[in-house]
Structures are given as structure tokens and as C-alpha cells.
Amino acid sequence: MSSKRVLYSLLFLLALWQHSFAQEVATQIAVGHANHLDTYLSPEKYRGVEIRFISEVLKTKVMFQHEGDMSFTHNRAKNADEISGHYDFTFAMMHKWSWYDDKLTLRVGGMADFWLGFAYNTRNTNNPAQGYASLAIGPQIMASYKLSAIMKQPERKFLKFLSTITVNYQMRMPWLGLMFSPNYGQSYYEIFSRGNYDHNIVFTSLATFQMRQQISFDIPLKNRTSLRIGYISDIRQAKPNNLKQHQYYNAATIGVVIKK
């Protein structure tokens, strides 16, 4: 069996395994504003639009989350564009507390985050592209609150509708990890064709602040299905080998949640 078939089989089995124990499966699309900087490519900040697909599987104490995105940005003079894409996989294990007959829940624990991506600058000739890869660990927090906990048998239709909504909050912070980066002035030809290693695996820590937050509202539809709308703020930044990088993202989200 070829290596590709083995990989596809493993991914398929992983997907089945995740969904087999899933308590909640959420699928969302996010569209928002991106602000990127990578001084390996350009000293300029690039701003534009980013589209993100999010798939989340949640059990009582375990969460898997997949994110894929594409962004299309340009510099201030609008004479250069940048195209970038990323894949983010997060696995978290958390302890769960619940109150008011499970209407208020809190999960706190640790997570591992694997991030892979690229950026391509249309203006550059010597260094037109940059690759990204990082693995980090840190804390994860998830909380949910059903508004029915504070609305006891409301009479008005609008208040009855509000009482069915669940408010969710999610936060994670990569604290410690490793990331790939070329050194200052080093080309990818030197790294991969000539095999010249120059501190290309860099240690990351709390010295560079990173945080992803999401607040969302689940509106029940039918058959254990809810409409989820919300907002995401994602801050990623690093300074490997004296090269500054950041990816700031703010977006509105919409999706569907299915509870088993």
C-alpha cells in the first residue's frame, strides 16, 4: 500500500473516531479583516480579507478543532499583494464543571496546537514566499451559559426566544513551543538545497503574546441542531531570528451545531 493511501486511511479513521464519541459537532465559516506582517518578505504590513473554515468536535472533557483559511491582502500603496493560507489543528483535554442543571458549564485544561501555512508576496523576486510551521502548548478555556437559567418562564415571545439561546466563550493561549523560520538573510535554497542549517528551529514562549478568543450564540433550530453566530479574535505573533511576524484576525462567524 502506498504512503498516500496509508495517510488517507489514517485521516479517515481519525475522523470516524472523533465523530463516534462526539457530544457536539460544530461547523462554521468566518469572514473578516486580516493584518499580516512578515519582515522576511516585506517591512510593510498587509491588510485585507480572510476566509476561514472551522470544524470542532467536543466531548465532555476533550476537544478537537480544525481550521483552514485563505487571506488576500495588500500594502498601503496598493502596489503589492500577498496571498497566504494556514491550517491549524488543536487538541485539548479539560476538566468540566457544571451548575444549574448543566445550564452553566466551564471547561479548563491544556491544549496542543499545530499550525502550518504559507505566504506568497507578488512583488518579491528573491524571496517571494515564506513557510510556517509551529507546535505549541498552553491553556484552554471553554464556557457556556443558557439564558434560560436567568429567565424563569418569560411571557413575552421575544423573551421566550432569548431564553432558548446559549452563550459560548472560548479562549486558548499558546505558551511554549517550537517553530520553523529561516534566519535573517537566509534563503530557502540554502536550507533545503544546500542543507545549511542556521537556527531554523526556534523556541517560542510567553515573550511573544498569542491568544485566540471566540464568543458565539447558539440559537436552537430543530432535531438537536442550532444556528451558531459569533465573533473571533485571533492574535499570532513571533520574533524568530530577528524577523518580526504577526497575523491579526477579526471576523464574524456563522455555522451549525449538532448535538448527539
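# A tour from histidine 86 to the largest pocket

Start by selecting histidine 86, which lies in strand 4. The model on screen is a predicted one. Colour this residue by accessibility: histidine 86 has 9% relative accessibility, so it falls under the 20% limit and counts as buried.

Now show what surrounds the side chain and backbone here. Setting aside neighbours within four places in sequence, histidine 86 touches Glu67, Gly68 and Asp69. Trp115, Leu116, Gly117 and Phe118 are also in contact with histidine 86, as is Tyr132.

**Strands 3 and 4**

Select residues 81-99 for strand 4, then add strand 3. The two run antiparallel, paired over 13 bridges. Go to the end of the ladder at histidine 74: aspartate 81 in strand 4 stands opposite.

Next, pick the turn. Strand 3 and strand 4 make a hairpin, with six residues between them. Which residue of the turn has a positive phi? Select lysine 78; its phi is about 60°.

**Strands 2 and 3**

Keep strand 3 (residues 62-74) and bring in strand 2. This pair is antiparallel as well, with 12 bridges. A hairpin of three residues carries the chain from strand 2 to strand 3.

Zoom in on glycine 48, in strand 2. Is glycine 48 buried or exposed? Its relative accessible area is 12%, under the 20% cut-off, so glycine 48 is buried. Across in strand 3, its bridge partner is threonine 73.

Draw a distance from glycine 48 to histidine 33. Their C-alpha atoms are 5.8 Å apart, with 15 residues of chain separating the two positions. Then list the contacts of glycine 48 beyond four places in sequence: Gly32, His33, Ala34, Phe72 and Thr73.

**Strand 7 and its partners**

Move to strand 7, residues 166-172. Colour by burial again. Five of the seven residues of strand 7 are buried, so the rest of the structure largely encloses this strand.

Show strand 6 beside strand 7. They pair in the antiparallel sense over seven bridges. To find one rung, select alanine 143; tyrosine 169 in strand 7 is its bridge partner.

Strand 10 comes next. Strand 7 pairs with strand 10 too, antiparallel and over seven bridges. Here, select glutamine 170 and look across to glutamine 214 in strand 10.

**The largest pocket**

Turn on a pocket surface. The largest pocket holds about 450 Å³ of space. Its lining has 25 residues. Which of them lie nearest the centre? Select Glu24, Leu58, Arg107, Ser144 and Lys259.

Now colour the lining by element. Strands 1 (24-38), 2 (42-58), 5 (104-121), 6 (129-146), 7 and 10 (211-220) each give two or more residues to the lining of the largest pocket.

Switch to colouring by residue class. The lining divides into 12 charged, nine polar and four nonpolar residues.

**Zoom out**

Reset the view to the whole chain. There are three helices and 12 strands in the protein chain. The C-alpha trace spans about 70 × 50 × 35 Å along its principal axes.

Of the 260 residues, 43% count as buried. Turn on the accessible surface: its area comes to about 14,500 Å², and carbon and sulfur atoms account for 64% of that.

Finish with a contact map. Take contacts between residues at least 6 apart in sequence; 63% of these join residues at least 24 apart.

Key:
Residues are numbered from 1 along each chain as its sequence is written. This is a predicted model: local features need pLDDT of at least 70, side-chain atom pairs count only at pLDDT 80 or more; totals for chains, interfaces and linings use all residues. Side-chain values use heavy atoms; hydrogens and water are left out. On a 1 Å grid over the protein atoms alone, a cavity is a set of points where a 1.4 Å probe fits but cannot get out, and a pocket is an open set with protein on both sides within 12 Å along at least five of seven lines; lining residues have an atom within 4 Å of a point. Grid points are joined across faces, edges and corners, and a volume is the space filled by probe spheres set on the points. Helices (H or I, at least four residues) and strands (E, at least two) are DSSP runs, numbered from the N terminus. Ala, Val, Leu, Ile, Met, Phe, Trp, Tyr, Cys and Pro count as nonpolar, Asp, Glu, Lys and Arg as charged, and the others, Gly among them, as polar. Two strands pair if DSSP finds at least two bridges between them. Buried means under 20% relative accessible area, exposed over 50%, partly exposed in between (1.4 Å probe, protein chains only). Contact means heavy atoms within 4.5 Å. Accessible areas come from the Shrake-Rupley method with a 1.4 Å probe; for residues, only the protein chains shown count as cover.
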